[in-house]
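Student: I want to learn how to read local features in a model. Can we go through some together?

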Amino acid sequence: MAATVIDGKAFAARVRGQVATHVAALKADHAITPGLAVVLVGEDPASQVYVRSKGKMTVEVGMKSVEHKLDAQTTQADLLALIQKLNNDPEIHGILVQLPLPDHLDEDLVINSIDPAKDVDGFHISNVGLLGTGQDSMVPCTPLGCLMMLRDHHGSLSGMNAVVIGRSNIVGKPMAQLLLGDSCTVTIAHSRTKDLAEVVHRADIVVAAVGRPQMVPGDWIKPGATVIDVGINRIDKPEGGTRLVGDVDYDSCAAVAGAITPVPGGVGPMTIACLLANTVTACCRANGLPAPEGLTA
């Protein structure tokens, strides 16, 4: 029987609807408008597309959207000065510096200059530590979106065997922490894991975030397992042009899995939805209000 397709596009629309409801309540009950500032340095085409999309959706849910587009030659001192200004701005609750940055800028230094309470990407070392110790933190958007979809599909994840393929700071490591927080038994695997196929085959949940197109074939997947494909890879089509694929071979995995996310239309739409959710959460925490239910880990 073919796997259930987890529709990330539809789920993300639901999350944005929840965010819009919370934003309207903050405005009506507390006269507060959550504000998100996005900083783009340089003219990377993909980054420009992401920033436009983020700004559009921020406005659609009723939040304040601020964009700072800086020249590719912007100095580190000038970028840090802008971040400090945003840190001190009470109308800005979330700050996102679009990555990658030009080579002359120190990404770690820039990320760690953001106020952790406004770090809606969840990349600041303080948020990494809080997440790792099970405390309230800002959670990286892509892993948060994966967790939301898993909770929605399964209800409780307690006791399930989860394998995360990939060990990046952006997805793999925080994904493992979130699954541990929901009482999964978690293995972090990667391209150098011995007997990777056997490790994956034991999993009830497989999160593929290794960055290699169609690396995971269907015969690695345990029958009935849930497959969350984080990968976004562009490959050549035989007839010319390119197409997007994930880190799993979709057709063969979908024939075995119980549920699977497609690429495109799976995890991708959830990332921006969770960025908006994180901004509302940050706004509530900054104002001593309860974080909205269902929009964070």
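Tutor: We will take burial, cis peptide bonds and positive phi in turn. Keep in mind that this is a predicted model.

Student: Start with T142. Where is T142 placed?

Tutor: T142 belongs to helix α6, which covers residues 141-154.

Student: Is T142 buried or exposed?

Tutor: Buried means under 20% relative accessible area. T142 has 15%, so T142 is buried.

Student: Which residues does T142 contact, leaving aside neighbours within four places in sequence?

Tutor: Those contacts are V171, V230, V267 and T271.

Student: Now the peptide bonds. Which residues does a cis bond with omega of about 5 degrees join?

Tutor: L99 and P100. P100 sits in the loop between β4 (94-97) and α4 (107-111). Look also at V263 to P264: that peptide bond is cis, with omega near 0 degrees. P264 is in a loop as well, between β11 (259-260) and α10 (268-286).

Student: On to backbone angles. What is phi of S183?

Tutor: Near 65 degrees, which is positive, and S183 is not a glycine. The loop between α7 (172-181) and β6 (185-189) holds S183.

Student: How accessible is S183?

Tutor: Partly exposed lies between the 20% and 50% cut-offs. S183 is at 42% relative accessibility, so S183 counts as partly exposed.

Student: And what is phi of Q214?

Tutor: About 55 degrees, again positive in a residue that is not a glycine. Find Q214 in the loop between β7 (205-208) and β8 (226-229). With a relative accessible area of 29%, Q214 is partly exposed.

Notes: Residues numbered from 1 in each chain as written. Predicted model: local features only at pLDDT ≥ 70, side-chain atom pairs only at ≥ 80, totals over all residues. Heavy atoms only, no water. Helix = DSSP H or I, 4+ residues; strand = E, 2+ residues; numbered from the N terminus. Buried < 20%, exposed > 50% of the residue type's maximum accessible area, 1.4 Å probe, protein only. Contact = heavy atoms within 4.5 Å.
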